[in-house]
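Q: Could you take a close look with me at how the aromatic rings pair up here? I am new to this, so please explain the terms as you go.

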Amino acid sequence: MRTFQIADKFLLDGEPFTILSGAIHFFRVHPSDWHHSLYNLKAMGFNTVETYVPWNAHEPRPGEFNFSDGLDLGAFLDEAAELGLYAIVRPTPFICAEWEFGGMPPWLLADRSMRPRSNDPKFLERVAAYYDQLMPILEPRQITHGGNIIMMQVENEYGSYCEDKDYLRAIRDLMLERGVDVPLFTSDGPWRGCLRAGSLIEDDILATGNFGSRSKENLEALAAFHKEHGKNWPLMCMEFWDGWFNRYGEDVIKRDPQDLADCVREALELGASVNLYMFHGGTNFYFMNGCSARHTHDLPQVASYDYDAPLSEEGNPTEKYFALQRVVHDLFPDAWQAEPLTKQAVAIDSIPATDHVSLFNVLDALSEPVSSQYPQPMEDLGQSYGFILYTTSIERDRMDEERIRVIDGRDRAQVFVEGELVATQYQEHIGEDIKCVLPAEHNRLDILVENMGRVGYGHKLLADTQHKGIRTGVCVDLHFITGWEQRCLPLTSIEGIDFSAGMVEGQPAFHHFEFTLDEPADTFIDTTGFGKGCAFVNGVNVGRYWEKGPIMTLYVPHGFTRAGVNELVMFETEGTYADAISLRSEPLVVPIEKEGVE
């Protein structure tokens with residue numbers, strides 16, 4: 001039986017072992033590209049791959065599990081094993097990862113008596129049911145069972161959230177009871193406050209640190225915490241941040257490749273092990289981008305998770321890749337290295353639109369109406385992501401301007417009276433007065449609300465703001481309006497849309513394009529000329545776009561395309577669209593204009 005142990009060093013089969021790991025989230029990379037990314041990790045000279053496991057993707061509805069296709073964790077780990085890579089798996093209920101709701105399923109929010117990410121028995125019962133499905137995939141793939149998993153994580157950066165050690169021990173026990181026998185670890189900021197709150201060092205579970213610079217200083221802090229508890233453990237940076245994520249309306253964050261290489265070299269020369277976060281960032285397909293929590297309003301992140309990583313969003317080596325490869329060559333001359341694999345994306349200019357249809361004209365193909373006296377939040381209707389349309393009728397009481405208010409909604413509301421847009425409000429303005437003249441005695445009122453992403457980190461994880469849609473109601477004049485019809489629009493499928501149903505300018509609409517490929521190929525959708533929405537390639541929702549930038553393209557992996565005719569549909573909410581669209585061979589990034597700066 002093979003072994004991996006923690007002594008004063010990491011020991012693989014009894015021999016000292018330095019972990020050279022890189023993060024690849026299997027759920028952010030199309031399965032047809034797993035080999036490409038994993039091979040490039042191996043070719044850089046690294047020996048281990050690390051991945052989170054997203055609970056919300058694997059259990060989209062209570063008791064319904066999916067571990068197939070792009071969520072086939074077992075197949076991803078097996079591909080890594082075939083390439084000779086070990087694996088670190090982080091199967092925690094919460095992953096952060098700039099992923100929607102930190103990877104927890106939003107249906108947890110429907111039970112307001114439950115406190116997720118705590119020792120609440122109701123929450124732990126849900127985790128146990130999830131682990132009953134997950135752990136049979138991981139248990140036989142542990143190194144102790146002939147597989148390649150060498151370590152697993154108990155919780156993720158819990159010291160930046162709480163200090164409930166009973167909860168940490170409960171998660172540990174759920175793992176142990178289901179056959180986990182490789183070493184366990186926690187990862188937190190490398191200062192004492194975080195490590196003390198988030199670790200189980202008193203229970204002999206390895207404490208690791210997360211940082212991306214000042215290697216000597218941070219490793220010394222981690223070592224001091226170990227020593228304080230009588231441990232002479234190996235040091236590991238479980239997330240060596242080599243770049244950063246990006247948000248809408250902010251410039252793309254870049255890091256100098258040589259600076260990264262120097263900081264990684266410093267950590268390795270001090271005898272530490274490292275896991276690059278990220279090695280290949282990939283993409284937040286569908287609506288899986290998270291939000292950064294702020295006091296007044298949250299800041300949604302973009303669809304691209306390029307992260308300025310050693311591999312680009314497409315999976316090709318960057319300058320950082322080769323700088324790190326040189327560090328490995330210098331410090332570990334016996335490590336196997338090779339030329340990395342590369343891919344070429346295709347470009348097609350000016351693809352004409354073939355059809356357009358307004359959302360309001362195809363609702364029956366997308367959703368069944370649900371009636372209620374007051375508007376219901378998204379989670380109470382069994383919906384997790386996307387949009388929700390609220391419809392009612394309001395009576396005209398005055399001939400001049402009427403006052404409409406959306407009370408307690410999230411995150412973005414577009415208000416239509418008789419099909420005409422009268423206001424668009426984002427989270428920081430929802431609740432303010434909307435003044436309009438009602439054109440008829442009885443008027444149809446539609447409110448399209450978008451969930452722009454739940455926070456994935458910080459104190460607002462369980463705040464009311466994570467309940468999406470309209471949570472209290474809608475007032476006209478001073479009174480709440482009753483008699484609502486709701487349509488859930490998760491947009492997991494747009495099959496059945498009738499593009500001949502009619503188009504009304506200014507309304508949210510679907511715009512249809514077709515392009516032809518000789519063979520499946522990577523490409524980037526240029527969203528220039530469109531306002532805000534999401535895109536579908538051959539029926540697959542490949543993610544959100546927004547004219548705010550900074551990234552004006554959506555990456556489409558070759559696994560979503562096909563030889564011959566391909567369908568591209570843009571769901572545009574702003575009424576801003578182009579009659580032709582282009583595909584690019586590389587991403588388009590624009591600088592963000594700062595107010596008052598020419």
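A: Here is a walk through the ring pairs, with each term explained where it comes up. This is a predicted model, in which local features need pLDDT of at least 70 and side-chain atom pairs count only at pLDDT 80 or more, while totals for chains, interfaces and linings use all residues. Residues are numbered from 1 along each chain as its sequence is written, and side-chain values use heavy atoms, leaving out hydrogens and water.

Rings of Phe, Tyr and Trp (its six-membered ring) pair if their centres lie within 6.5 Å; planes under 30 degrees apart are stacked, over 60 edge-to-face, and the rest tilted. The whole structure holds 38 aromatic pairs. One of them joins Phe4 and Phe17: with centres 6.4 Å apart and planes at 90°, the pair is edge-to-face. It links distant parts of the chain, 13 residues apart: Phe4 sits in strand S1 (residues 4-6), and Phe17 in the loop between strand S3 (15-16) and strand S4 (20-24). Strands (E, at least two residues) and helices (H or I, at least four) are DSSP runs, numbered from the N terminus.

Phe4 is buried at 5% relative accessibility, and Phe17 is buried at 14%. Buried means under 20% relative accessible area, exposed over 50%, and partly exposed in between (1.4 Å probe, protein chains only).

Tyr277 and Tyr307 are also edge-to-face, because their centres are 5.4 Å apart and their planes at 80°. Tyr277 belongs to strand S11 (residues 273-280), and Tyr307 to the loop between strand S13 (299-300) and helix H9 (319-331), 30 residues apart. Tyr277 is buried at 2%, as is Tyr307 at 3%.
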